[in-house]
Each structure stands twice: as C-alpha cells, then as structure tokens.
Amino acid sequence: MCGHVGIAGDLEHKDEATFKRLLLLDYFRGPDSTGVAVFNKARTETKVAKIASHPLDLFDTIKYRTSVTGSMSSVFLGHNRAATRGKVSTVNAHPFECGHIIGAHNGTLDHTSFAALEKSLGEQFDVDSEAIFKHIEKFGIEATVPLMQGAWALVWIDTSDGTI
C-alpha cells in the first residue's frame, strides 16, 4: 500500500534534506511512483512534481529542485505509490491536481465505490485516487466520504482557502 510523508510549518532550507529522507524511507511503502506537492509560505501557490520511479530519480528533476524550497514553503506533501489499480505512469502518480484540490491517497476503494464516484462525476478514471480528489473538488468532502468503501487515508491541499 502507498505511503504519505510531509512537513508543515515555517519551513527552512534544512527541512529539504529531512523531506528527502522521509521520501526515501517511505519508498518501501510504494516503489512504483514518487510525487510531491509544495505549498508556498503565503499559501497562494502550489507546485507539483511527480515521476513513475524511485525518489532518487525525482530528486534529479528540475521540477523537483525548483519546487522543494524550504525558505519559500509552508508545506511539503510527499507520496510513494504502490500501484493497485491503473498502470504505473507519471500521470497516475500522486498527488493529483483537481482544480483547487491537490491530494494524495493511501489505500484502495472497492469496485462499487469507485463506480459510484465515476457515476457521480460522469467521468471514468484510471485510478480511484484521482476520482476521489475530483469528487472532493466538485462536491466537497462531506459528499465524497459516504461513497467511499475500502481502505483509504487522504491528504490534500485546498488552494481556495489555503488549508491542508
């Protein structure tokens, strides 16, 4: 099953190294993909970097190096994916950007829950995780939770109100 890591608060440059270590340790929870979302200090902008590979490969990308900046950030949200539904690809890596919601999911919904989310949205998705965050973005968490059966833990950033 996937894994979440994160650091939030008045981040500094030293927190970048801590976050890298967390992503590396969490790799054993999800060896298929690695991704991060970074919220700036003003909580007005989010950057996402993800790859269908090991954290070390993500660290080498320009997108990661320009996103994970402790002196300019208030949240580092990380995810390592163990693919249970949908192919291993950068598109299916977490976090997902769905409008003002940027989120990561640990778990797997049962097939009826996944179908209920897709029916409610009128769309089909490769992975249940993207359907969850699209549903939260469109209908809110209160309308989404009753549709979800199975294993799940969610972490998301809401850029409309600056919350995590």
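**Notebook: cavity, strands, cores and loops**

I began with enclosed space, and a search of the whole structure, which is a predicted model, returned one cavity of 30 Å³ or more. I noted that about 50 Å³ of space lies in this largest cavity. Its lining, as I listed it, consists of Cys2, Arg81, Ala82, Ala83, Thr84, Arg85, His94, His105, Gly107, Asp128 and Ser129. Looking for the elements behind that list, I found that strand E6 (101-109) and helix H5 (128-139) are the ones that give two or more residues to the lining. By residue class, I recorded three nonpolar, five polar and three charged residues around the cavity.

**Entry on His94**

His94 had already appeared in the cavity lining, and I then looked at its peptide bond to proline 95, which is cis, with omega at about 0°. I placed proline 95 in the loop between E4 and E5.

**Entry on strand E4**

Next I asked how many residues of strand E4 (residues 73-81) are buried. The count was nine of the nine, so I describe E4 as largely enclosed by the rest of the structure. I then looked up the pairing of E4, and found that strand E1 (residues 3-8) runs antiparallel to E4 and is joined to it by six bridges. Strand E2 (residues 33-40) also runs antiparallel to E4, with eight bridges between the two. To fix the register I followed phenylalanine 76 of E4, which is the bridge partner of isoleucine 7 and also the bridge partner of valine 38.

**Entry on the nonpolar cores**

I kept in mind that, in soluble globular proteins, nonpolar side chains tend to be buried together. In this model the largest nonpolar core has 15 residues, and I noted that Ile132, Phe133, Ile136 and Leu154 touch the most other members. The elements that give two or more residues to this core are strand E5 (96-98), E6, helix H4 (111-121) and H5. Which element gives the largest share of this core? I found that it is H5, with four residues.

I then took Leu154 by itself and, leaving out residues up to four places away in sequence, listed its contacts as His4, Ala104, His105, Ile132, Phe133, Ile136, Ile141 and Met148. A second core, separate from the one just described, has 14 residues, and I noted Val5, Val38, Ala49 and Ile51 among them. Val38 thus came up twice in my search, as a member of this second core and as a bridge partner of phenylalanine 76.

**Entry on two loop residues**

I checked the backbone at arginine 43, where phi is positive at about 55° although the residue is not a glycine. Arginine 43 sits in the loop between E2 and strand E3 (46-51). Is arginine 43 buried, partly exposed or exposed? Its relative accessibility is 28%, so I entered it as partly exposed.

My last residue was serine 71, in the loop between helix H3 (62-67) and E4. I recorded a relative accessible area of 51% for serine 71, which makes it exposed, the cut-off for that class being over 50%. Despite that exposure, serine 71 touches Leu11, Glu12, His13 and Lys41, again leaving out residues up to four places away in sequence. I also looked up its separation from aspartate 15, and found the two C-alpha atoms 9.0 Å apart, with the residues 56 apart along the chain.

Key:
Residues are numbered from 1 along each chain as its sequence is written. This is a predicted model: local features need pLDDT of at least 70, side-chain atom pairs count only at pLDDT 80 or more; totals for chains, interfaces and linings use all residues. Side-chain values use heavy atoms; hydrogens and water are left out. Buried means under 20% relative accessible area, exposed over 50%, partly exposed in between (1.4 Å probe, protein chains only). Two strands pair if DSSP finds at least two bridges between them. On a 1 Å grid over the protein atoms alone, a cavity is a set of points where a 1.4 Å probe fits but cannot get out, and a pocket is an open set with protein on both sides within 12 Å along at least five of seven lines; lining residues have an atom within 4 Å of a point. Grid points are joined across faces, edges and corners, and a volume is the space filled by probe spheres set on the points. Ala, Val, Leu, Ile, Met, Phe, Trp, Tyr, Cys and Pro count as nonpolar, Asp, Glu, Lys and Arg as charged, and the others, Gly among them, as polar. A nonpolar core is a set of buried Ala, Val, Leu, Ile, Met, Phe, Trp, Tyr and Cys residues joined through side-chain atoms within 4.5 Å. Contact means heavy atoms within 4.5 Å.
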